[in-house]
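Student: Could we go through this model together and check how each label is earned?
Tutor: Gladly, let us set each value against its definition.

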Amino acid sequence: MSFERLADGDSRYYLLKIAHEQFGCAPGELSEEQLQQAERIIGRQRHIEDAVLRSPDAAGVVIPPSQVEEAWTHIANRYESPEALQQGLDAQGLDAVGMRAMLARELKVQAVLDCVCAGLPEISDTDVSLYYFNHAEQFKVPARHKARHILITINGDFPENTREAARTRIEAILKRLRGKPERFAEQAMKHSECPTAMQGGLLGEVVPGTLYPELDACLFQMAQGELSPVLESPIGFHVLYCESVSPARQLTLEEILPRLRDRLQLRQRKAYQRKWLESLLQQNATLENLAHG
């Protein structure tokens, strides 16, 4: 797939970012449909950035070279060597000078948006409290069960893993564990056919909806120290062991106050920036219409 129509360095820089951020691949791996979508995003992004940089608020904003170099170093450190970095740039039709220029542009756009929000009031404790009590459901912590499991897979290609043999094997393991559940990790390391066997079958702290439904339904009915009966999932037979139970609870306001304040402050900034951008773009459109009228 060719993206020669994005010939200028600026567009290639934008394409590199969007390909990785939006599609998780290199620009050359984009499908034609993805490339068209990326072109639309690039066009809008450049339009917005141009408007921001031409705005009166941008007049006094200066980005020091040291800040650009810091951003460039952050990118360069992703590569194993300077040679690997240069190869990466060459592959995308980019160069270090152009990259630094684009980084300076991005940093200035962000600095202007930050300046626009400079006069916004701080989110108060009262604001945080009101949000907390009006959205209490957002601050519920689901129940967590720390669990281990032993898996015996079903695979008709192996005599020891036919359905009947697998069931027999795991029932024998469960019988041994009923009298000594403290040996669960040991038995998991010896017999489980899951990668978690290396950690004694440890699944960690599990929340509802994490495991296969057949396992999930059983685990969250279990008490601490309890063994499950033999359970079947699409991959085989399991035995679960519940090591501990952390019941569902409501986070207190005191627990989440600093993080919630930061979240609300960021939301306020984003909303104000969005409103400012909409107004700026509308003004520019009006002026363009008058100029062509």
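Tutor: What follows takes one buried residue, a sheet and two pockets in turn.
Tutor: This is a predicted model, in which local features need pLDDT of at least 70 and side-chain atom pairs count only at pLDDT 80 or more, while totals for chains, interfaces and linings use all residues. Residues are numbered from 1 along each chain as its sequence is written, and side-chain values use heavy atoms, with hydrogens and water left out.

Student: Why is N284 called buried or exposed?

Tutor: Buried means under 20% relative accessible area, exposed over 50%, and partly exposed in between, with a 1.4 Å probe and protein chains only. N284 has 18% relative accessibility, so N284 counts as buried.

Student: Where is N284 placed, and what is it in contact with?
Tutor: N284 is in helix α10, residues 253-291; helices (H or I, at least four residues) and strands (E, at least two) are DSSP runs, numbered from the N terminus. Leaving aside neighbours within four places in sequence, N284 is in contact (heavy atoms within 4.5 Å) with A51 and R54.

Student: What makes β3 and β4 edge strands?
Tutor: Two strands pair if DSSP finds at least two bridges between them. The open sheet has 4 strands in the order β3-β2-β5-β4, with antiparallel pairing. β3 (202-206) and β4 (231-233) each pair on one side only, as edge strands.

Student: How do you know that β2 is joined to β3?
Tutor: There are 4 bridges between β2 (residues 144-153) and β3, against the required at least two, so the two strands pair. They run antiparallel, and R148 stands opposite L202 in β3.

Student: Which helix lies across β2, β4 and β5?
Tutor: Helix α7 (residues 163-179) does, running at about 135° to β2. Axes are lines fitted to C-alpha atoms, for helices over the stretch in contact, and angles run from 0 to 180 degrees between N-to-C directions.

Student: What volume does the largest pocket have, and which residues lie nearest its centre?
Tutor: A pocket is an open set of points on a 1 Å grid over the protein atoms alone, with protein on both sides within 12 Å along at least five of seven lines; lining residues have an atom within 4 Å of a point. The largest pocket has about 520 Å³, a volume being the space filled by probe spheres set on the points. Its lining has 17 residues, with Q45, I48, V109, L113 and L277 nearest the centre.

Student: Which helix gives the most to the lining of the second largest pocket?
Tutor: That is α1, with 5 residues; the second largest pocket holds about 440 Å³ of space.

Terms used. 1 Å grid on protein atoms, 1.4 Å probe; cavity = no way out; pocket = protein on both sides within 12 Å on 5 of 7 lines; lining within 4 Å.
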